[in-house]
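Reader: I should like to go through the assignments made for this structure and hear the reasoning behind each. Please set every value against its criterion.

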Amino acid sequence: ILSGTRILYGLIILQVILGTQVREKVDEFTKEPEGVARENWLDHAGWVDHIHRPLSLLVLGLSVWIFWTARKRSKKDLLPTWILGCVLGQILLGIILAYAGLPPWSQTAHLVLGAGLLCLVYRAGWHPVASLDYRLPFLVPFLMLSKPFFFLISLSFLSSLSSEPDPFSKPFDNPVDDPELPRVLLIGDSI
């Protein structure tokens, strides 16, 4: 068990809660048809975003400390390196979200990488990693999951390059109101 990982796990859970609240604040602006521009949504998210951002520095500091203490103890353990890499990736994605106008691909990547980070920290805090023999079975599912992970990230990035309008920019628009769409009668439904 890596020391400090249970505290890190609690901080990451808090970050997930705060990030969800930031997303809820941002969702309020998607409901307004002529409200705030997308790139300014985070500026209006309020106090939750002002706590979510600096708390990431505490997560970074604790993960650097875990990495440093684990390296002093054993050079073979790769789990602290993965944790630190995920934290740095999360912070980079957070910076992209904040300063690049919330690109959709980075939202997906931020969520997926955050879920992976939570799993890694749980693994490090509750399941001891004693030797290379114990780590090898862990690498097999990691390698199996890395291909779909990178596929989903690249797919979300490619979808953001599409010239089609973002269907989630106006999630409450009713497609039935579009006169271009054909009228279809469903059994049990009325027009």
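The exchange below takes up the model as a whole, then its helices, and then individual residues.

Reader: What makes caution necessary in reading this model, and where is confidence lowest and highest?

Author: The model is predicted. The protein chain has a mean pLDDT of 75, and 59% of the residues score at least 70. Confidence is lowest in helix H5 (residues 132-160), with a mean of 55, and highest in helix H3 (residues 79-99), with a mean of 92. Where pLDDT is low, the predicted coordinates should not be read in detail.

Reader: How many helices and strands does the protein chain have, and in which order do the elements run?

Author: The protein chain has five helices and zero strands. From the N terminus the order is α-α-α-α-α. Of the contacts in the chain with a separation of 6 or more, 70% join residues 24 or more positions apart. Buried residues account for 31% of the 191 residues. The chain exposes about 12600 Å², of which carbon and sulfur atoms supply 68%.

Reader: How do you know that the length of H3 agrees with its number of residues?

Author: H3 has 21 residues, which at 1.5 Å a residue should span 30 Å. The C-alpha atoms at its ends are 30 Å apart, so the two values agree. Its buried residues include Trp82, Cys86, Gln90, Leu93 and Leu97. After H3 comes glycine 101, with a positive phi near 80°.

Reader: What span should the 27 residues of H2 have, and how far apart are its end C-alpha atoms?

Author: For H2 the expected span is 39 Å and the end C-alpha atoms are 40 Å apart, which agrees. Among the buried residues of H2 are Val48, His52, Leu55, Val59, Leu62 and Ile66.

Reader: Why is the aromatic pair of tyrosine 9 and tyrosine 122 called tilted?

Author: A search of the whole structure finds one aromatic pair. Tyrosine 9 and tyrosine 122 are 6.0 Å apart from centre to centre, with 50° between the planes. Rings pair if their centres lie within 6.5 Å, and the distance of 6.0 Å meets that limit. Planes under 30 degrees apart would be stacked and those over 60 edge-to-face; the angle of 50° is neither, and therefore the pair is tilted.

Reader: What does this pair tie together?

Author: Tyrosine 9 belongs to helix H1 (residues 5-30) and tyrosine 122 to helix H4 (residues 104-126), so the pair ties together parts that are 113 residues apart in sequence.

Reader: Are tyrosine 9 and tyrosine 122 counted as buried, partly exposed or exposed, and why?

Author: Buried means under 20% and exposed means over 50%. Tyrosine 9, at 22% relative accessibility, falls in between and therefore counts as partly exposed. Tyrosine 122, at 38%, is likewise partly exposed.

Reader: Why is leucine 62 called buried?

Author: The relative accessibility of leucine 62 is 17%, which is under 20%, so leucine 62 counts as buried. Leucine 62 lies in helix H2 (residues 47-73). Beyond its neighbours within four places in sequence, leucine 62 is in contact with Gly4, Ile7, Leu8 and Leu11. The C-alpha atoms of leucine 62 and isoleucine 7 are 8.5 Å apart, although 55 residues separate the two in sequence.

Reader: What makes histidine 52 a buried residue?

Author: Histidine 52 has a relative accessibility of 16%; this is under 20%, and therefore histidine 52 counts as buried. Histidine 52 is also found in helix H2. Setting aside neighbours within four places, histidine 52 is in contact with Gln15, Leu18, Gly19, Val22 and His110.

Reader: How do you know that leucine 97 is buried, and which residues does leucine 97 touch?

Author: At 10% relative accessibility, leucine 97 is under the 20% limit and so counts as buried. Leucine 97 is in helix H3. Not counting residues up to four places away, leucine 97 touches Leu42, Leu102, Pro103, Ser106, Gln107 and His110. Leucine 97 and leucine 42 are 55 residues apart in sequence and 8.8 Å apart from C-alpha to C-alpha.

Reader: What is stated of the phi of leucine 102, and why is leucine 102 called buried?

Author: Leucine 102 has a positive phi of about 55°, although it is not a glycine. Leucine 102 is placed in the loop between H3 and H4. Its relative accessible area of 7% is under 20%, and therefore leucine 102 is buried.

Conventions:
Residues are numbered from 1 along each chain as its sequence is written. This is a predicted model: local features need pLDDT of at least 70, side-chain atom pairs count only at pLDDT 80 or more; totals for chains, interfaces and linings use all residues. Side-chain values use heavy atoms; hydrogens and water are left out. Helices (H or I, at least four residues) and strands (E, at least two) are DSSP runs, numbered from the N terminus. Buried means under 20% relative accessible area, exposed over 50%, partly exposed in between (1.4 Å probe, protein chains only). pLDDT is the predictor's confidence in each residue, from 0 to 100. Contact means heavy atoms within 4.5 Å. Accessible areas come from the Shrake-Rupley method with a 1.4 Å probe; for residues, only the protein chains shown count as cover. The expected span of a helix is 1.5 Å times one less than its number of residues.
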